[in-house]
Structures are given as C-alpha cells and as structure tokens.
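Trainee: I have a model open and would like to go through it with you. Could we start with the sheet and then turn to the metal site?

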Amino acid sequence: MDTFSPAEATAAPPLRERSEIPDRFKWDLSHIFPDWEAWQRAYDELDRKISEGAAFQGTLAQGADRLLAVYQLRDEVGQLAHKVWYYTSLAYDQDQRDNLLNARRQQVQILFAKDAQAFSWFDPELLKIPLTTVQQWMTLQPELRVYRFAIEDLYRRQEHVLDDKGEHLLSLSTRFSSTPRDAYAALSTADVKYPTIQLSNGADVTVTYGQYRAILATNRDQRDRAAAFHAIHGLYAANVNTYAALYSAVLQGDWFHSQARGFASSLDAALHGNNIPTAVVENLIETTRTNVEPLRRYHRLRKKVLGLETYHTYDTTIPLVHVDRRYPYNDVLEWLPASVAPLGQEYQRQLRDALTSGWIDVYENSGKRSGAYSAPVYGVHPYMLLNYNDTLDDVFTLAHEAGHSMHTVLSHAHQPFVYSGYEIFVAEVPSTLSEALFLDYMLGRTTDERERSVLLQHAIDGIVATFYTQVMFADYELQAHRLVEQGKPVTAEALGDIYFGLLKAYHGDAYDYDELSRVTWARIPHFYSTPYYVYQYATCFASSAQVMKQLGGGEAERREAVDRYLTLLKSGGSDHPMTLLQKAGIDLSKPETVRAVVDQLDALVTRLEKEIS
Ligand SMILES: [Zn+2]
C-alpha cells in the first residue's frame with residue numbers, strides 16, 4: 001500500500017549506496033556461483049543441454065528408457081536454469097540501474113525461449129501414446145515412477161484439449177481476446193484525467209490512485225476522505241457503460257473458451273488446472289456470507305472509536321491507534337525464531353540458519369528493486385529480498401517471506417526437482433501461518449497496551465483485506481459470470497446491483513452506503529486481468545487459520561498437527577493442492593475450515609474491543 005500522504009508526508013532520507021551497507025545485511029550470491037566466469041560456463045552448458053532436446057524428437061514410442069531420458073534431461077536443464085536465471089536476476093535487483101546485468105538477464109530469457117521451443121514437441125508426442133502403455137512402462141522401469149504424478153496429470157489436463165483443428169481455431173482467437181483487458185488498462189490508466197480536490201487545510205491535491213489510498217489511510221478528516229472517494233469514483237461513474245461493455249467482453253470470452261473446451265461453467269474451467277472442485281469456492285462463499293458478524297462488529301467498533309456520525313467505505317482504513325515504534329532488524333532476528341517455537345526445535349534451528357547465512361538482502365539502497373520476495377534457487381537455497389525500514393509492516397513482511405522460504409527449504413530437501421515447486425493454492429499457507437505465529441508471539445511479549453492495539457488492528461486488517469474482501473470479490477465474479485452463462489444481459493445496472501448487493505450482504509447496518517459504491521466493481525483491475533484468481537488468497541488464509549487452531553490444542557494434538565503441517569511443506573508440488581492440504585488435515589470443502597478464520601477474527605475483535613475500552 002502506498003503510504004505517501006500529501007498532508008503529513010515528511011521528506012524521505014537520502015538513499016544509501018549499496019557499498020555503504022555492511023555485508024552482513026546483504027545476501028551472498030557466491031553460494032550460486034563464485035563469479036561471472038563460472039556463471040558463463042554454466043550458461044554455455046545450459047545452452048548445450050537445451051540443444052540435446054531436439055535429438056529425442058520422434059523416439060518416445062521406442063519405450064520407457066527414451067521417456068526416462070527426456071524427463072531426466074528436463075530435470076538437468078531445469079536445475080541449471082534455476083541457478084543461471086537467479087544469479088542474474090538477483091544481482092539485477094540489487095541495482096536495477098546496471099545495464100550490463102539487465103543485458104545478461106535478457107540473455108537468459110532468450111535462452112528460455114529456445115528451451116521452450118526445443119521441447120515443444122514433447123507433450124503432443126507423449127500424449128499420442130496411450131496412458132495405459134506409459135503406466136505399463138512405469139511398472140517395468142522403476143526410475144520412471146518418480147514422474148508418475150507429472151505424467152498422469154498431463155493426461156488428465158489433456159481431457160479438455162481439442163483436436164489439432166480445434167486448437168488452431170482457438171489459438172486464432174488469442175489475438176483479439178486480450179483487447180477488453182488492454183482497453184480497460186487504457187481507459188483506467190493511460191487515458192485517465194485525474195481530478196483535483198481541495199483538502200480541508202486548503203491544499204490542492206490531484207487524486208491519483210496512490211493519493212486516493214494515501215488519503216484514506218492517513219487523513220484524519222472524514223470530509224477529505226469523502227472528497228477523495230467521490231473524485232475517484234466519479235471517474236468510473238462517468239464511463240460506467242464503457243466499463244460494463246469491456247467487462248462483458250471479458251465474461252463472454254471466459255464463457256466462450258469454457259464452452260469450446262467442454263466445461264460446464266467458467267468456474268469449472270478456471271479450477272481445472274489445479275484439479276480444485278467447484279465446491280471449494282461455493283463453500284468458501286456460502287460459509288463466509290453466513291459468518292459476517294465479526295466483520296460488522298469490527299466496523300461498528302471503528303465507527304465508535306473514530307467518533308464518526310456516519311461510517312462509509314472510505315472510513316475503513318484509517319488507523320484507530322497510532323504508535324510510532326521502530327523495530328530494529330537485530331531484535332527481529334531474535335523474535336522471529338522464538339515465534340515459531342510451536343513448530344518444534346528443528347524448524348526453529350532451520351529458520352535461525354535461514355536468517356543468518358547470507359540469504360537475505362535487508363536494507364534499501366539506490367537502484368534496488370522495491371517490495372519483498374522469496375526466490376527459490378533449487379540446489380542452493382532460497383534468497384529473500386527486503387526493503388527493511390524498521391516499521392511494523394516490515395517486520396510482518398519478513399515473517400511472511402520467511403514462511404515462504406521455509407516452505408522452499410523443506411520442499412527442496414524432500415522432493416525431486418520435478419516436484420520442488422508449489423502452486424499458489426498452497427504457497428500462501430506457510431507465509432500467512434508465519435505471520436499469525438509472529439503476531440501471537442508479539443502480543444504475548446508486549447506490555448504496552450497501545451502497541452497491543454496496533455498489533456491487533458494489523459492482524460484484523462489483514463483478515464479483512466486478504467480474506468473477507470477477496471471472498472466478496474470471488475462472490476462478485478461468480479455472479480457476474482453466471483449472468484453470461486444464463487444468457488442474461490450484462491449492463492452497468494446489473495453489475496452495479498450485484499456489487500451493491502454484496503456490499504450490503506457483507507456489511508449490513510455497519511456501513512452507511514453511498515450510491516457511488518455501485519461503480520466500485522469497475523475499479524478492480526483483477527476482475528479484468530485474472531478472473532477467479534484471488535480467491536486462492538482467501539483459501540490459503542482459511543487453511544493457515546485451521547493449522548493455527550490445531551496448534552492451539554493439547555500437547556498430543558499439537559504434535560500431530562506439526563507433523564502434518566511439516567509434511568505439507570515437505571510435499572512441495574508432488575500432488576494436487578487439495579490432496580496435499582487434506583493430508584495436512586485441511587479440508588477446504590468443509591465449512592469448519594472456513595469458520596476457522598471467522599473464529600480467529602471474532603477472537604481478535606473481542607480482544608481489541610477490550611483493549612480499546
Ligand atoms: Zn506471499
């Protein structure tokens with residue numbers, strides 16, 4: 001979130017050069033290659049191995065040994081590609097002004113394109129061999145069995161692939177099917193004329209998206225927040241029929257592709273890749289909708305504490321309590337391993353190693369990439385990029401990325417390369433669990449009641465934004481897609497009715513409603529760019545809440561829960577996400593899993609009510 005505030009901003013301190021930062025706060029890329037010469041040798045080897053791919057074309061039908069040889073070559077290419085790619089891309093992210101590094105990065109990308117081409121024959125050629133034949137080969141060739149899940153999943157996904165003629169026809173549509181998304185981007189960003197408003201202190205402000213969010217998050221005058229809301233939403237209201245036409249084209253496109261491939265609905269098509277049952281999304285929505293009371297209680301509490309006569313969507317992000325506390329990095333290095341004690345000593349030891357072995361690039365410097373991530377370098381270890389600035393958000397970001405990194409450590413240690421990566425449907429479970437454990441630890445540690453309120457609010461806002469809002473968005477997408485699937489007209493009014501109806505269904509009497517909120521749907525980029533995607537953040541949140549709940553049980557129950565959870569992390573991508581989660585004791589098709597988040601929110605709001613009173 002952009003925290004720049006027009007009214008309250010102070011000048012940012014000048015950025016340090018990278019050379020001014022002590023080495024112990026930088027990652028050590030020599031763990032990947034000792035120098036650029038070694039990188040170049042690996043690059044050349046990768047190039048050679050990719051070229052070997054073509055020699056296998058047309059030979060798969062000869063039997064198990066040929067198939068095995070290709071899979072093993074793919075593994076060698078993949079492992080080498082990890083190191084060759086990350087060595088350049090991590091170095092580039094240290095200082096993105098470096099043209100030489102940028103050129104090397106692009107050099108690797110060109111090699112990746114060559115790789116895709118060199119092996120493009122593989123899937124179609126394998127799929128011409130009946131699955132029963134390949135299964136027969138696996139009984140004869142034990143080494144091929146490692147690839148069983150990958151092979152069988154390829155055949156499963158093939159069920160909705162058309163014949164050559166059909167695929168060719170569909171491929172012709174890709175040229176124009178991205179047009180509504182491009183037009184949305186142009187209308188909402190490139191061609192937009194941002195309005196200017198006058199704040200209550202007399203300052204004129206141009207309300208860009210960044211400013212809009214900043215005003216809502218920092219400006220304590222409700223009139224200013226209302227003015228910013230009306231300015232931004234007025235932009236969408238002015239073009240709402242155009243937005244509706246563009247979104248209609250997105251929906252029609254999704255439905256066209258779903259029908260062409262023989263899916264019963266757009267949702268079925270979207271979930272097929274990861275083999276997720278539609279019941280998961282339906283259960284997520286149903287259970288959340290019937291459990292909105294803690295959400296409403298939180299907003300009623302906010303209205304009271306903020307002393308507002310009326311409470312609007314633009315009053316939902318201003319902090320209730322403000323504490324200007326700094327969190328020095330060295331302190332957090334002690335706290336973070338302590339916070340994961342419930343996961344056992346071995347996990348704690350591994351995390352401590354991860355934090356102190358040159359895996360993390362801690363501070364900002366001139367030219368460094370913004371944000372934070374964990375990069376899984378197979379055969380080496382994960383690397384974490386931070387822009388640590390001693391704030392509470394930075395601390396939770398570190399906890400989050402450390403969760404991803406521990407997932408990588410365990411998955412890489414226990415899986416063959418082919419299954420070492422994991423899907424997003426599972427990926428955000430360890431990161432959010434890591435944050436939840438850290439919150440628990442910090443709440444237990446602090447003796448300052450204002451800090452406790454800030455921590456509680458941080459956790460609650462996380463659940464509201466990552467869970468409730470994302471479920472409401474999934475609910476919206478489902479209803480909008482159904483309009484098209486049922487042959488109903490998609491108009492600005494119909495879309496506005498759905499969105500406004502949902503806002504009321506989730507927030508009830510806790511909000512005072514503005515007519516302009518009818519157009520909010522038009523403002524959400526992912527409705528256009530990645531339909532049916534962000535619900536996965538909500539299911540991950542529910543999954544980690546369920547694990548938290550199990551960790552809070554008796555000693556024997558806790559031990560079992562830890563075992564199951566670590567098994568999940570060690571399983572990487574060796575099966576479909578639902579199956580992996582079920583083995584960890586998490587069943588997303590059951591209401592109680594979703595209710596675990598609701599219970600978590602309920603408990604947090606109750607604590608915050610007590611702290612604040
Ligand atoms: Zn994440």
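Trainee: In what order do the three strands of the open sheet stand?

Mentor: Happy to help! This is a predicted model, in which local features need pLDDT of at least 70, side-chain atom pairs need 80 or more, and totals for chains, interfaces and linings use all residues. Residues are numbered from 1 along each chain as its sequence is written, and side-chain values use heavy atoms, with hydrogens and water left out. Strands here are DSSP runs (E, at least two residues; helices are H or I, at least four), numbered from the N terminus, and two strands pair if DSSP finds at least two bridges between them. The pairing in this open sheet is mixed, and the order is S3-S5-S4.

Trainee: Which strands stand at the edges?

Mentor: An edge strand has a single partner, so one side of it is left without a neighbour in the sheet. That applies to strand S3 (360-361) and S4.

Trainee: How many bridges join S4 and S5?

Mentor: S3 runs parallel to strand S5 (residues 381-385), with two bridges. S4 pairs with S5 in the antiparallel sense, and Pro376 has Pro382 as its bridge partner. For S4 and S5, the number of bridges is five.

Trainee: Which residue in the hairpin of S4 and S5 takes a positive phi?

Mentor: Look between the two strands, where the hairpin has three residues. The phi in question is near 85°, and the residue is Gly379.

Trainee: What coordinates the zinc ion?

Mentor: Donors are N, O and S atoms within 2.8 Å of the metal (3.2 Å for Na, K and Ca); water is not among the atoms, so sites may look incomplete. The distances here are 2.1 to 2.5 Å. Two donors are NE2 atoms and two are OE atoms, from His400, His404 and Glu428.

Trainee: What is the geometry of the zinc site?

Mentor: Four donors count as tetrahedral if all angles lie between 85 and 135 degrees, and as square planar if opposite donors are over 155 degrees apart and all others between 65 and 115; anything else is irregular. The angles among the four donor atoms of the zinc ion are 53 to 139°, and the site is irregular.

Trainee: How far apart in sequence are the parts that His404 and Glu428 tie together?

Mentor: Both residues are buried (under 20% relative accessible area, 1.4 Å probe, protein chains only). His404 lies in helix H17 and Glu428 in helix H18 (residues 424-445), so the pair links parts separated by 24 residues.

Technical notes. Tetrahedral: all angles 85-135°; square planar, octahedral: opposite > 155°, others 65-115°. Buried < 20%, exposed > 50% of the residue type's maximum accessible area, 1.4 Å probe, protein only.
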